[in-house]
Amino acid sequence: MGIDTISFKAILLVILCIAAVILLVMLFLQKKRKRRTSGTGYIEALYALIDGDRDKAFKLLTKAVKNGESDIGAYIQLGNLLRERKMPEKALQIHRSLTVRRDLGYDEEKAVQIALAEDLSEMGKMDRAIGALNSIHKRKKDVDIARTLHRLYHRKGDYENAFSMLKAISNIDPATGPWERSAYLVCVGAILYDMNEKTESRAYLKKALKEDGSSVPALYLSAIVEADGGDSEAAVQMWHRLLVEDITFLEEILPDLQKALFESGDYERLELLLDDLSEKHPSDPLVNIALADLFLKKGDTRKSISVLREAKPSGGLADYLKVIKLAAAYLETGSEMDARKVLTEKRNFPNSRLAYICSSCGERSTTPQHYCRNCSSLNTFRTEE
């Protein structure tokens, strides 16, 4: 009995040990599976955000948080989506709950503070939002904090402080240079112009051109502001500088340029401007067409025909205009057969009027822009006919 009893007890002990090991392994795998499932939900939510499916991301993040997701990013993103859904109070609650966590690194703590500021801003508590971030900015010069402050100041309508933050960012991040500062100043100029505050608009546009003298948006809007203000000479200078930078605007602004020169009593100068543009853009057909049109109006029909025949084909609108002008010139000389011949070559042309639309938020602008007044995105505008 003694030997059999000992053997039985040894076998039982081994079985119990094996069962305990199996139980521990099962518990470990269950926890690991739970963590993996939770983590997978957050990752899927991030992919949904990348794909632009914010509704799906919201559902996945809500489920992940309810399942005990440990990643702080999930809570920040969920709060941000709640704010987008016009529930900033709930977003604030979620983001505030993160401030008591002791495992926050600097980047995570910064992300939480930025999210809190955005929540307060959406709730109309702009001064509190700005004040909280300013206290952090004074202690540590951080690009993300400074950019958020820039956006909040802009949203508040405090354009001077918004611009000051851009300059502060330039000191931290050399990649933020005159081009971006100019883009922002043009945006402010456009806002003020739309508000009929022409003097203030002009002041911001001048600052924009000091930052970047070749800025197409700054030159475009400056010409409009000067023309509206009755300063035809200043408008002509701005249009000329604009066309030197980007000749594709010639078709759009040529009527305004002609009108400004006529009003200033210096219409003959148009030929000089077009000659200058022809030298700077020798391959651009629209310049040659405009020059030929001028000769036609002056009665020099043969010179007009010569310029048009030398203009190289480029397709689209330019070729159509060439045909129309050339036909008109032939009719002036009484050569109806030549006019009829060239008119059979082109019949339709594209609409060249463009709309400027921000690809991030859908904001529309009637003038070219690099900075979006609505979402503060940079270089997100696209053009549509």
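The following paragraphs walk through a predicted model of one protein chain, from its overall make-up to a few individual residues.

The chain has 385 residues, and buried residues make up 44% of them. Its secondary structure comes to 18 helices and 3 strands. Contacts give another view of the fold: among those between residues at least 6 apart in sequence, 51% join residues at least 24 apart.

The interior is a good place to begin. In soluble globular proteins, nonpolar side chains tend to be buried together. Here the largest nonpolar core has 103 residues. The residues with the most contacts inside this core are Tyr184, Trp239, Leu242, Leu243, Leu250 and Leu257.

Tyr184 belongs to helix α9, which covers residues 178–194. Its relative accessibility is 0%, so Tyr184 counts as buried, the limit being under 20%. Leaving aside neighbours within four places in sequence, Tyr184 is in contact with His150, His154, Tyr159, Ala162, Phe163, Leu166 and Tyr371.

The last of these partners, Tyr371, deserves a closer look. A pair of aromatic rings is described by the distance of the centres and the angle of the planes. The structure holds 2 aromatic pairs. One of them is formed by Tyr184 and Tyr371, with 4.9 Å from centre to centre and 75° between the planes. This pair is edge-to-face because its angle is over 60 degrees. Tyr371 sits in the loop between β2 (364–365) and β3 (381–384). The two tyrosines are 187 residues apart, and their pair links distant parts of the chain. Like its partner, Tyr371 is buried, because its relative accessibility is 2%.

Three other residues of the core's list can be approached from Ile253. This residue is placed in helix α13, residues 250–263. Ile253 has 2% relative accessibility and therefore counts as buried. Apart from neighbours within four places in sequence, Ile253 is in contact with Tyr220, Trp239, Leu242 and Leu243. Trp239, Leu242 and Leu243 are also among the residues with the most contacts inside the largest nonpolar core. Between Ile253 and Ile224 there are 9.9 Å from C-alpha to C-alpha, and the two are 29 residues apart in sequence.

Helix α3, residues 72–84, offers buried residues with polar or charged side chains. Asn80 lies in this helix, and so does Arg83. With a relative accessible area of 18%, Asn80 falls under the 20% limit and is therefore buried. Arg83, at 14%, is buried as well. Neighbours within four places in sequence aside, Asn80 is in contact with His95 and Ala115. Arg83 also contacts His95 and Ala115, and its other partners outside that range are Pro88, Ala91, Glu118, Asp119 and Glu122.

The last stop is a pair of helices. Two packed helices are described by the angle between their axes and the distance between the axes. The axes of α15 (residues 285–297) and α16 (residues 301–310) come within 7 Å and cross at roughly 170°. An angle over 145 degrees counts as roughly antiparallel, so α15 is roughly antiparallel to α16. On the α15 side, the contact is made by Asn288, Ile289, Ala292, Phe295 and Leu296. On the α16 side, Thr301, Lys303, Ser304, Val307 and Leu308 take part. The residues of this contact divide into 6 nonpolar, 3 polar and 1 charged.

Conventions:
Residues are numbered from 1 along each chain as its sequence is written. This is a predicted model: local features need pLDDT of at least 70, side-chain atom pairs count only at pLDDT 80 or more; totals for chains, interfaces and linings use all residues. Side-chain values use heavy atoms; hydrogens and water are left out. A nonpolar core is a set of buried Ala, Val, Leu, Ile, Met, Phe, Trp, Tyr and Cys residues joined through side-chain atoms within 4.5 Å. Buried means under 20% relative accessible area, exposed over 50%, partly exposed in between (1.4 Å probe, protein chains only). Contact means heavy atoms within 4.5 Å. Axes are lines fitted to C-alpha atoms, for helices over the stretch in contact, and angles run from 0 to 180 degrees between N-to-C directions. Helices (H or I, at least four residues) and strands (E, at least two) are DSSP runs, numbered from the N terminus. Angles under 35 degrees count as roughly parallel, over 145 as roughly antiparallel, 65 to 115 as roughly perpendicular and the rest as oblique. Ala, Val, Leu, Ile, Met, Phe, Trp, Tyr, Cys and Pro count as nonpolar, Asp, Glu, Lys and Arg as charged, and the others, Gly among them, as polar. Rings of Phe, Tyr and Trp (its six-membered ring) pair if their centres lie within 6.5 Å; planes under 30 degrees apart count as stacked, over 60 as edge-to-face and the rest as tilted.
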